[in-house]
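Here is a friendly walk through one protein chain, taken a region at a time. Keep the structure open beside you as you read.

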Amino acid sequence: MIPPCTFSSVPASKKAAVLLASATLLTVSTTAPAFADGEPDDKDKPKPPASMSTVGGAQLGKPGTQAKLKPGAPVLPKDLSARSWIVSDAESGEVLAAHNAHWRLPPASTLKMLFADTVLPKFPKTQKHKVALSDLEGIGAGSSMVGIKENETYSVHDLWLGVFLKSGNDAVHVLSAMNDGVDKTVKDMQAHAENLQALDTHVVSPDGYDAKGQVSSAYDLSLIARSGLQKKDFREYCSTATATFPGETKKITKGKDKGKTKRGSFEIQNTNKLLTGGLDVTPYKGIAGVKNGYTSNAGNTFTGVAERDGKILLVTVMNPASGEAHAVYKETARLFDWGFKAAGKVDPVGELVAPKGATGAGKGAPGGVGDGKNGAAANMTHASDDGTSGMGVALAVAGGVVVVLAAGVFVVRRRMPLPGQSGRRPGQD
(Lines give C-alpha, C1' and ligand atoms only; values in the text may rest on other atoms or scores of the structure.)
Protein backbone atom coordinates (compact mmCIF):
# COMPACT_ATOMS: atom_id res chain seq x y z
CA MET A 1 0.00 0.00 0.00
CA ILE A 2 1.08 3.58 -0.59
CA PRO A 3 2.06 5.36 2.64
CA PRO A 4 0.60 8.82 3.09
CA CYS A 5 2.75 11.60 1.74
CA THR A 6 3.39 14.64 3.91
CA PHE A 7 0.38 16.68 2.78
CA SER A 8 -2.06 13.77 2.94
CA SER A 9 -1.56 13.59 6.70
CA VAL A 10 -3.36 16.97 7.05
CA PRO A 11 -7.03 16.45 8.02
CA ALA A 12 -9.41 16.89 5.12
CA SER A 13 -11.14 19.83 6.79
CA LYS A 14 -7.88 21.77 6.89
CA LYS A 15 -6.57 20.90 3.43
CA ALA A 16 -8.83 23.28 1.55
CA ALA A 17 -8.07 26.10 3.95
CA VAL A 18 -4.34 25.53 3.62
CA LEU A 19 -4.55 25.46 -0.15
CA LEU A 20 -6.81 28.47 -0.45
CA ALA A 21 -4.78 30.48 1.99
CA SER A 22 -1.47 29.76 0.37
CA ALA A 23 -2.65 29.43 -3.25
CA THR A 24 0.64 27.69 -3.84
CA LEU A 25 1.52 24.57 -5.73
CA LEU A 26 1.67 21.31 -3.83
CA THR A 27 4.71 19.26 -4.71
CA VAL A 28 4.58 15.62 -3.74
CA SER A 29 7.90 13.82 -3.52
CA THR A 30 8.23 10.76 -1.37
CA THR A 31 11.28 8.55 -1.28
CA ALA A 32 9.96 6.07 1.27
CA PRO A 33 10.83 2.60 -0.01
CA ALA A 34 7.60 1.30 1.49
CA PHE A 35 5.68 3.03 -1.31
CA ALA A 36 6.30 0.20 -3.75
CA ASP A 37 8.41 -2.35 -1.97
CA GLY A 38 6.69 -3.45 1.23
CA GLU A 39 7.25 -2.37 4.80
CA PRO A 40 9.94 0.24 5.60
CA ASP A 41 11.99 -2.36 7.49
CA ASP A 42 11.77 -4.97 4.75
CA LYS A 43 15.42 -5.20 3.73
CA ASP A 44 14.88 -8.00 1.21
CA LYS A 45 12.86 -5.96 -1.28
CA PRO A 46 14.59 -4.20 -4.19
CA LYS A 47 14.94 -0.46 -3.74
CA PRO A 48 15.17 2.15 -6.50
CA PRO A 49 18.55 3.85 -7.02
CA ALA A 50 19.06 7.06 -5.09
CA SER A 51 19.45 8.89 -8.38
CA MET A 52 18.41 7.89 -11.87
CA SER A 53 18.42 9.28 -15.40
CA THR A 54 17.18 12.83 -15.80
CA VAL A 55 16.02 12.45 -19.40
CA GLY A 56 12.73 14.35 -19.49
CA GLY A 57 13.51 16.50 -16.49
CA ALA A 58 15.49 16.49 -13.23
CA GLN A 59 12.49 15.60 -11.07
CA LEU A 60 12.00 12.33 -12.97
CA GLY A 61 15.44 11.23 -11.83
CA LYS A 62 14.40 11.22 -8.18
CA PRO A 63 13.18 8.08 -6.41
CA GLY A 64 9.65 7.97 -5.07
CA THR A 65 6.49 9.70 -6.24
CA GLN A 66 6.77 12.96 -8.15
CA ALA A 67 3.73 15.18 -8.63
CA LYS A 68 2.87 18.88 -8.53
CA LEU A 69 -0.74 19.23 -7.49
CA LYS A 70 -2.50 22.55 -7.87
CA PRO A 71 -5.37 23.58 -5.59
CA GLY A 72 -8.37 21.41 -6.39
CA ALA A 73 -6.33 18.62 -7.93
CA PRO A 74 -7.37 15.06 -7.07
CA VAL A 75 -5.07 13.17 -4.75
CA LEU A 76 -3.08 10.30 -6.22
CA PRO A 77 -4.50 6.81 -5.72
CA LYS A 78 -3.32 5.26 -2.48
CA ASP A 79 -3.81 1.64 -3.52
CA LEU A 80 -0.77 1.40 -5.81
CA SER A 81 2.00 -1.14 -5.32
CA ALA A 82 3.98 -0.98 -8.56
CA ARG A 83 7.72 -0.50 -8.34
CA SER A 84 7.47 2.08 -11.10
CA TRP A 85 4.73 3.96 -12.95
CA ILE A 86 4.18 7.08 -15.03
CA VAL A 87 1.17 9.07 -16.29
CA SER A 88 1.72 11.32 -19.30
CA ASP A 89 -0.18 13.28 -21.92
CA ALA A 90 0.27 11.38 -25.19
CA GLU A 91 -0.03 14.50 -27.34
CA SER A 92 1.92 17.17 -25.47
CA GLY A 93 4.33 14.75 -23.84
CA GLU A 94 3.85 16.32 -20.41
CA VAL A 95 4.37 13.93 -17.49
CA LEU A 96 1.54 14.49 -15.02
CA ALA A 97 2.97 12.28 -12.27
CA ALA A 98 5.47 9.48 -11.88
CA HIS A 99 6.93 7.02 -9.40
CA ASN A 100 10.52 5.84 -9.91
CA ALA A 101 10.06 6.69 -13.60
CA HIS A 102 13.61 5.84 -14.64
CA TRP A 103 14.11 2.72 -12.54
CA ARG A 104 15.66 0.18 -14.92
CA LEU A 105 13.57 -3.00 -14.59
CA PRO A 106 12.92 -6.11 -16.71
CA PRO A 107 10.21 -5.14 -19.23
CA ALA A 108 8.81 -8.56 -20.25
CA SER A 109 6.66 -8.41 -23.41
CA THR A 110 6.12 -4.66 -23.24
CA LEU A 111 9.51 -4.65 -25.03
CA LYS A 112 7.59 -5.92 -28.07
CA MET A 113 6.45 -2.31 -28.53
CA LEU A 114 10.06 -1.43 -29.35
CA PHE A 115 10.32 -4.49 -31.60
CA ALA A 116 7.22 -3.39 -33.49
CA ASP A 117 8.23 0.27 -33.70
CA THR A 118 11.58 -0.83 -35.13
CA VAL A 119 10.62 -3.65 -37.50
CA LEU A 120 7.03 -2.92 -38.53
CA PRO A 121 7.98 -0.30 -41.17
CA LYS A 122 10.35 -2.71 -42.94
CA PHE A 123 7.85 -5.09 -44.53
CA PRO A 124 4.53 -4.47 -46.33
CA LYS A 125 1.67 -6.23 -44.58
CA THR A 126 0.82 -8.17 -47.74
CA GLN A 127 4.27 -9.79 -47.98
CA LYS A 128 4.22 -13.58 -47.56
CA HIS A 129 6.75 -15.75 -45.75
CA LYS A 130 7.05 -19.53 -45.58
CA VAL A 131 8.28 -20.50 -42.14
CA ALA A 132 11.43 -22.59 -41.90
CA LEU A 133 12.37 -24.57 -38.81
CA SER A 134 15.35 -22.25 -38.31
CA ASP A 135 12.97 -19.30 -37.99
CA LEU A 136 11.65 -20.77 -34.75
CA GLU A 137 14.98 -21.56 -33.12
CA GLY A 138 15.97 -19.91 -29.86
CA ILE A 139 12.47 -19.33 -28.49
CA GLY A 140 12.61 -19.38 -24.70
CA ALA A 141 11.00 -22.20 -22.73
CA GLY A 142 7.48 -21.34 -21.58
CA SER A 143 7.16 -18.50 -24.09
CA SER A 144 3.76 -17.20 -25.12
CA MET A 145 2.99 -18.45 -28.62
CA VAL A 146 0.38 -17.74 -31.26
CA GLY A 147 0.79 -21.15 -32.90
CA ILE A 148 2.96 -20.69 -35.99
CA LYS A 149 3.82 -23.91 -37.81
CA GLU A 150 6.87 -24.86 -39.83
CA ASN A 151 6.39 -24.99 -43.64
CA GLU A 152 3.20 -22.91 -43.45
CA THR A 153 3.02 -19.53 -45.19
CA TYR A 154 1.90 -16.41 -43.35
CA SER A 155 1.42 -12.81 -44.38
CA VAL A 156 3.25 -10.08 -42.49
CA HIS A 157 -0.20 -8.93 -41.38
CA ASP A 158 -0.83 -12.35 -39.81
CA LEU A 159 2.50 -12.23 -38.00
CA TRP A 160 1.85 -8.80 -36.49
CA LEU A 161 -1.55 -9.93 -35.26
CA GLY A 162 0.30 -12.77 -33.53
CA VAL A 163 2.74 -10.33 -31.95
CA PHE A 164 0.17 -7.83 -30.67
CA LEU A 165 -2.80 -10.01 -29.77
CA LYS A 166 -1.17 -13.17 -28.40
CA SER A 167 2.26 -11.71 -27.58
CA GLY A 168 3.59 -14.57 -29.69
CA ASN A 169 7.33 -15.06 -29.36
CA ASP A 170 7.10 -17.40 -32.34
CA ALA A 171 5.78 -14.52 -34.47
CA VAL A 172 8.57 -12.25 -33.17
CA HIS A 173 11.22 -14.80 -34.13
CA VAL A 174 9.79 -15.29 -37.63
CA LEU A 175 9.75 -11.53 -38.25
CA SER A 176 13.28 -11.32 -36.81
CA ALA A 177 14.38 -14.02 -39.24
CA MET A 178 12.92 -11.97 -42.07
CA ASN A 179 14.95 -9.05 -40.71
CA ASP A 180 18.21 -11.03 -41.15
CA GLY A 181 18.11 -12.67 -37.75
CA VAL A 182 17.71 -12.10 -34.03
CA ASP A 183 21.15 -10.53 -33.55
CA LYS A 184 20.54 -7.95 -36.28
CA THR A 185 17.07 -7.22 -34.92
CA VAL A 186 18.41 -6.67 -31.40
CA LYS A 187 20.98 -4.21 -32.78
CA ASP A 188 18.29 -2.41 -34.75
CA MET A 189 16.08 -2.17 -31.67
CA GLN A 190 18.91 -0.84 -29.53
CA ALA A 191 19.79 1.79 -32.12
CA HIS A 192 16.14 2.85 -32.36
CA ALA A 193 15.84 3.05 -28.57
CA GLU A 194 18.88 5.32 -28.44
CA ASN A 195 17.44 7.54 -31.17
CA LEU A 196 14.21 7.83 -29.20
CA GLN A 197 16.28 8.71 -26.12
CA ALA A 198 14.99 5.60 -24.37
CA LEU A 199 18.37 5.42 -22.67
CA ASP A 200 17.29 3.19 -19.78
CA THR A 201 16.61 0.42 -22.29
CA HIS A 202 19.09 -2.38 -22.97
CA VAL A 203 17.88 -4.97 -25.49
CA VAL A 204 19.06 -8.59 -25.33
CA SER A 205 16.09 -10.48 -26.82
CA PRO A 206 13.60 -9.04 -29.32
CA ASP A 207 10.56 -10.59 -27.62
CA GLY A 208 11.13 -9.42 -24.04
CA TYR A 209 11.88 -12.92 -22.75
CA ASP A 210 13.96 -12.77 -19.58
CA ALA A 211 17.64 -12.28 -20.41
CA LYS A 212 20.54 -11.12 -18.28
CA GLY A 213 20.92 -7.35 -18.50
CA GLN A 214 17.67 -6.76 -20.40
CA VAL A 215 15.97 -3.73 -18.86
CA SER A 216 13.81 -0.76 -19.64
CA SER A 217 11.84 1.74 -17.53
CA ALA A 218 8.33 3.10 -17.21
CA TYR A 219 9.58 6.32 -18.79
CA ASP A 220 11.15 4.53 -21.75
CA LEU A 221 8.16 2.28 -22.36
CA SER A 222 5.87 5.32 -22.54
CA LEU A 223 8.34 7.02 -24.88
CA ILE A 224 8.42 3.93 -27.11
CA ALA A 225 4.63 3.57 -27.09
CA ARG A 226 4.22 7.21 -28.07
CA SER A 227 6.54 6.67 -31.03
CA GLY A 228 4.73 3.50 -32.07
CA LEU A 229 1.33 5.16 -31.90
CA GLN A 230 2.44 7.54 -34.64
CA LYS A 231 2.28 4.59 -37.05
CA LYS A 232 -1.11 3.71 -38.49
CA ASP A 233 -0.49 -0.05 -38.54
CA PHE A 234 0.85 -0.03 -34.97
CA ARG A 235 -2.31 1.74 -33.80
CA GLU A 236 -4.51 -0.73 -35.63
CA TYR A 237 -2.79 -3.84 -34.31
CA CYS A 238 -2.55 -2.71 -30.69
CA SER A 239 -6.25 -1.80 -30.61
CA THR A 240 -7.55 -4.99 -32.22
CA ALA A 241 -9.50 -7.14 -29.77
CA THR A 242 -10.00 -10.33 -31.80
CA ALA A 243 -8.86 -11.73 -35.14
CA THR A 244 -8.77 -14.89 -37.22
CA PHE A 245 -5.35 -16.53 -37.48
CA PRO A 246 -4.24 -19.10 -40.09
CA GLY A 247 -3.96 -22.66 -38.85
CA GLU A 248 -2.43 -25.82 -40.29
CA THR A 249 -2.91 -27.24 -43.76
CA LYS A 250 -4.38 -30.74 -43.56
CA LYS A 251 -5.66 -33.35 -45.93
CA ILE A 252 -9.40 -33.78 -46.15
CA THR A 253 -10.24 -37.37 -45.23
CA LYS A 254 -13.98 -37.45 -45.92
CA GLY A 255 -16.55 -36.23 -48.40
CA LYS A 256 -16.30 -35.14 -52.01
CA ASP A 257 -13.05 -33.25 -51.38
CA LYS A 258 -11.30 -36.25 -49.85
CA GLY A 259 -7.58 -36.20 -50.65
CA LYS A 260 -7.43 -32.46 -51.15
CA THR A 261 -5.84 -30.13 -48.66
CA LYS A 262 -7.46 -27.35 -46.71
CA ARG A 263 -5.97 -24.81 -44.36
CA GLY A 264 -7.76 -24.23 -41.11
CA SER A 265 -7.96 -21.13 -38.97
CA PHE A 266 -8.68 -20.19 -35.38
CA GLU A 267 -9.71 -17.16 -33.38
CA ILE A 268 -7.24 -15.23 -31.27
CA GLN A 269 -8.02 -12.61 -28.63
CA ASN A 270 -5.89 -9.77 -27.38
CA THR A 271 -4.34 -10.58 -23.99
CA ASN A 272 -4.68 -6.92 -22.94
CA LYS A 273 -7.51 -7.25 -20.42
CA LEU A 274 -8.21 -3.52 -20.31
CA LEU A 275 -9.13 -3.89 -23.99
CA THR A 276 -11.03 -7.19 -23.95
CA GLY A 277 -11.97 -7.68 -20.31
CA GLY A 278 -11.91 -10.99 -18.51
CA LEU A 279 -12.62 -12.50 -15.08
CA ASP A 280 -12.72 -9.53 -12.70
CA VAL A 281 -11.28 -6.95 -15.13
CA THR A 282 -13.70 -4.65 -16.94
CA PRO A 283 -12.67 -3.14 -20.30
CA TYR A 284 -11.52 0.41 -19.66
CA LYS A 285 -13.64 3.11 -21.29
CA GLY A 286 -11.64 4.77 -24.05
CA ILE A 287 -8.78 2.23 -24.05
CA ALA A 288 -6.94 1.82 -27.36
CA GLY A 289 -3.97 -0.52 -26.59
CA VAL A 290 -0.99 -0.76 -26.11
CA LYS A 291 0.84 -3.85 -24.66
CA ASN A 292 0.97 -6.08 -21.61
CA GLY A 293 3.72 -8.42 -20.46
CA TYR A 294 4.65 -10.97 -17.83
CA THR A 295 7.66 -13.08 -16.89
CA SER A 296 8.61 -14.56 -13.53
CA ASN A 297 11.54 -12.14 -13.35
CA ALA A 298 9.76 -8.98 -14.52
CA GLY A 299 6.40 -9.60 -12.92
CA ASN A 300 3.49 -7.95 -14.71
CA THR A 301 4.14 -4.92 -16.89
CA PHE A 302 1.74 -2.81 -18.94
CA THR A 303 1.59 0.29 -21.09
CA GLY A 304 -1.82 1.60 -22.10
CA VAL A 305 -3.25 4.53 -24.04
CA ALA A 306 -6.78 5.85 -23.52
CA GLU A 307 -8.89 8.85 -24.52
CA ARG A 308 -11.65 10.76 -22.79
CA ASP A 309 -13.16 14.10 -23.72
CA GLY A 310 -10.39 14.83 -26.20
CA LYS A 311 -7.60 14.10 -23.71
CA ILE A 312 -5.24 11.23 -24.59
CA LEU A 313 -3.14 9.73 -21.81
CA LEU A 314 -0.38 7.13 -21.62
CA VAL A 315 0.11 5.07 -18.46
CA THR A 316 2.89 2.56 -17.80
CA VAL A 317 2.92 0.32 -14.72
CA MET A 318 5.75 -2.06 -13.83
CA ASN A 319 5.65 -4.96 -11.39
CA PRO A 320 2.84 -4.39 -8.88
CA ALA A 321 3.49 -6.24 -5.62
CA SER A 322 0.09 -6.07 -3.91
CA GLY A 323 -0.98 -9.61 -4.68
CA GLU A 324 -4.31 -8.27 -5.97
CA ALA A 325 -5.61 -10.29 -8.91
CA HIS A 326 -4.75 -8.55 -12.19
CA ALA A 327 -3.14 -5.73 -10.24
CA VAL A 328 -1.29 -4.34 -13.25
CA TYR A 329 -4.58 -3.59 -15.02
CA LYS A 330 -6.38 -2.31 -11.95
CA GLU A 331 -3.54 0.00 -10.96
CA THR A 332 -3.32 1.25 -14.54
CA ALA A 333 -7.07 1.98 -14.51
CA ARG A 334 -6.73 3.91 -11.24
CA LEU A 335 -3.94 6.00 -12.72
CA PHE A 336 -5.96 6.66 -15.87
CA ASP A 337 -8.91 7.76 -13.74
CA TRP A 338 -6.65 10.06 -11.76
CA GLY A 339 -4.98 11.45 -14.89
CA PHE A 340 -8.23 12.37 -16.60
CA LYS A 341 -9.49 14.08 -13.45
CA ALA A 342 -6.14 15.82 -12.91
CA ALA A 343 -5.83 17.25 -16.42
CA GLY A 344 -5.30 20.99 -16.09
CA LYS A 345 -4.99 20.75 -12.31
CA VAL A 346 -1.35 19.74 -12.08
CA ASP A 347 1.92 21.14 -13.31
CA PRO A 348 4.09 18.67 -15.24
CA VAL A 349 7.02 17.05 -13.46
CA GLY A 350 8.79 16.42 -16.76
CA GLU A 351 8.08 15.39 -20.32
CA LEU A 352 8.45 12.65 -22.89
CA VAL A 353 11.33 13.97 -24.96
CA ALA A 354 11.66 14.11 -28.73
CA PRO A 355 13.97 11.77 -30.67
CA LYS A 356 17.57 12.88 -31.04
CA GLY A 357 17.18 13.94 -34.64
CA ALA A 358 14.02 15.95 -34.17
CA THR A 359 14.09 19.62 -35.08
CA GLY A 360 14.53 21.89 -32.08
CA ALA A 361 15.78 19.21 -29.69
CA GLY A 362 18.39 20.73 -27.48
CA LYS A 363 17.40 21.42 -23.89
CA GLY A 364 17.59 19.01 -21.01
CA ALA A 365 18.80 15.55 -21.96
CA PRO A 366 21.37 15.13 -24.75
CA GLY A 367 19.64 15.97 -28.00
CA GLY A 368 16.25 16.42 -26.36
CA VAL A 369 13.99 18.88 -24.62
CA GLY A 370 13.88 17.47 -21.12
CA ASP A 371 13.43 20.61 -19.05
CA GLY A 372 9.72 20.07 -18.50
CA LYS A 373 8.84 23.43 -20.04
CA ASN A 374 8.48 22.72 -23.74
CA GLY A 375 6.21 19.98 -25.07
CA ALA A 376 8.24 17.30 -26.80
CA ALA A 377 5.74 17.09 -29.62
CA ALA A 378 6.54 20.65 -30.60
CA ASN A 379 10.10 19.59 -31.27
CA MET A 380 9.35 16.69 -33.59
CA THR A 381 9.70 16.93 -37.34
CA HIS A 382 6.86 15.91 -39.60
CA ALA A 383 6.72 12.46 -41.13
CA SER A 384 4.06 10.63 -43.08
CA ASP A 385 1.59 8.41 -41.25
CA ASP A 386 2.47 5.26 -43.20
CA GLY A 387 4.85 3.84 -40.63
CA THR A 388 8.03 4.98 -42.35
CA SER A 389 9.36 7.04 -39.45
CA GLY A 390 9.19 7.15 -35.67
CA MET A 391 9.90 10.89 -35.63
CA GLY A 392 6.66 12.27 -37.02
CA VAL A 393 4.06 14.00 -34.93
CA ALA A 394 1.06 12.23 -36.44
CA LEU A 395 -0.54 10.80 -33.30
CA ALA A 396 -3.97 9.37 -34.12
CA VAL A 397 -5.11 7.41 -31.11
CA ALA A 398 -8.60 7.01 -29.73
CA GLY A 399 -10.68 10.05 -30.58
CA GLY A 400 -9.14 10.30 -34.02
CA VAL A 401 -7.04 13.45 -33.65
CA VAL A 402 -3.96 13.88 -35.82
CA VAL A 403 -1.54 16.68 -35.05
CA VAL A 404 0.76 17.54 -37.94
CA LEU A 405 3.66 19.96 -37.85
CA ALA A 406 3.56 21.96 -41.07
CA ALA A 407 5.48 25.17 -41.76
CA GLY A 408 6.18 25.60 -38.07
CA VAL A 409 2.59 25.50 -36.88
CA PHE A 410 0.28 22.79 -35.63
CA VAL A 411 -2.70 21.87 -37.74
CA VAL A 412 -5.35 19.61 -36.25
CA ARG A 413 -7.20 17.33 -38.64
CA ARG A 414 -10.00 14.91 -37.89
CA ARG A 415 -9.73 11.28 -38.87
CA MET A 416 -11.96 8.26 -38.70
CA PRO A 417 -12.12 6.53 -35.30
CA LEU A 418 -9.09 4.54 -34.26
CA PRO A 419 -8.59 1.47 -36.46
CA GLY A 420 -9.66 -1.65 -34.61
CA GLN A 421 -12.64 -0.14 -32.82
CA SER A 422 -14.99 -2.06 -35.09
CA GLY A 423 -13.31 -5.30 -34.03
CA ARG A 424 -14.46 -4.94 -30.45
CA ARG A 425 -17.13 -7.15 -29.03
CA PRO A 426 -20.67 -5.76 -28.77
CA GLY A 427 -21.16 -3.77 -25.59
CA GLN A 428 -17.52 -2.84 -25.15
CA ASP A 429 -16.59 0.79 -24.62
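## The largest pocket

Let's begin with open space: the largest pocket holds about 400 Å³. Its lining is made up of 29 residues, and those lying nearest the centre are Asn292, Gly293, Tyr294, Thr295 and Asn300. Three elements give two or more residues each to this lining, namely β9 (287–295), β10 (299–308) and α10 (327–342). Of these, β9 gives the most, with five residues.

What classes of residue make up the lining of the largest pocket? There are 17 polar residues, seven nonpolar ones and five charged ones. As a general point, rolling a probe the size of a water molecule over the atoms shows where empty space is left.

## The hairpin beside the pocket

The strands β9 and β10 form a hairpin, with three residues between them. They run antiparallel and are joined by seven bridges. One pair is easy to look up on your screen: Tyr294 has Asn300 in β10 as its bridge partner. Both Tyr294 and Asn300 are also among the residues nearest the centre of the largest pocket.

How much of β9 is covered? Eight of the nine residues in β9 are buried, and the strand is described as mostly covered.

## How far to trust the model

Please remember that this is a predicted model. The average pLDDT of the chain is 80, and 73% of the residues score at least 70. Two stretches deserve a careful eye. Over residues 1–26 the pLDDT stays under 50, and the model has 33 contacts beyond four places in sequence for them. Residues 30–41 also have a pLDDT below 50, and this stretch has 33 contacts in the model beyond near neighbours in sequence.

## The chain as a whole

Stepping back, the secondary structure comes to 10 helices and 15 strands. The chain has 429 residues, of which 55% count as buried. Among contacts between residues at least 6 apart in sequence, 64% join residues at least 24 apart.

## Strand β3 and its two partners

Strand β3 (residues 84–89) is mostly covered, with six of its six residues buried. In a regular strand the side chains alternate between the two faces of the sheet. Here one side carries Ser84, Ile86 and Ser88, the other carries Trp85, Val87 and Asp89, and all of these are buried.

Which strands pair with β3? One is β11 (residues 311–318), which pairs with β3 in the antiparallel sense over six bridges. The other is β4 (residues 94–99), also antiparallel to β3, over four bridges. Trp85 is a handy landmark for both pairings: it stands opposite Val317 in β11, and its bridge partner in β4 is His99. The strands β3 and β4 form a hairpin with four residues between them, and Gly93 in the turn has a positive phi of about 85°.

## A covered helix, α5

Helix α5 (residues 169–178) is mostly covered: nine of its 10 residues are buried. The buried residues are Asn169, Asp170, Ala171, Val172, His173, Val174, Leu175, Ser176 and Met178. What covers them includes α3 (112–119), β5 (128–130), α4 (156–166) and α6. Just after α5, Asp180 takes a positive phi of about 70°.

## Trp160 and Asp188

Two residues in the helices that help cover α5 are worth a click. Trp160 lies in helix α4. Is Trp160 buried or exposed? Trp160 is buried, because its relative accessible area is 1% and the cut-off is under 20%. Leaving aside neighbours within four places in sequence, Trp160 is in contact with Phe115, Ala116, Val119, Leu120, Leu175 and Tyr237. One of these contacts, Leu175, is a buried residue of α5. Trp160 and Lys125 are 35 residues apart in sequence, with 8.5 Å between their C-alpha atoms in space.

Asp188 lies in helix α6 (residues 182–196). With a relative accessibility of 18%, Asp188 falls under the 20% cut-off and therefore counts as buried. Not counting residues up to four places away in sequence, Asp188 touches Thr118, Lys122 and Asn179.

Methods: Residues are numbered from 1 along each chain as its sequence is written. Side-chain values use heavy atoms; hydrogens and water are left out. pLDDT is the predictor's confidence in each residue, from 0 to 100. Contact means heavy atoms within 4.5 Å. Buried means under 20% relative accessible area, exposed over 50%, partly exposed in between (1.4 Å probe, protein chains only). Two strands pair if DSSP finds at least two bridges between them. On a 1 Å grid over the protein atoms alone, a cavity is a set of points where a 1.4 Å probe fits but cannot get out, and a pocket is an open set with protein on both sides within 12 Å along at least five of seven lines; lining residues have an atom within 4 Å of a point. Grid points are joined across faces, edges and corners, and a volume is the space filled by probe spheres set on the points. Ala, Val, Leu, Ile, Met, Phe, Trp, Tyr, Cys and Pro count as nonpolar, Asp, Glu, Lys and Arg as charged, and the others, Gly among them, as polar.
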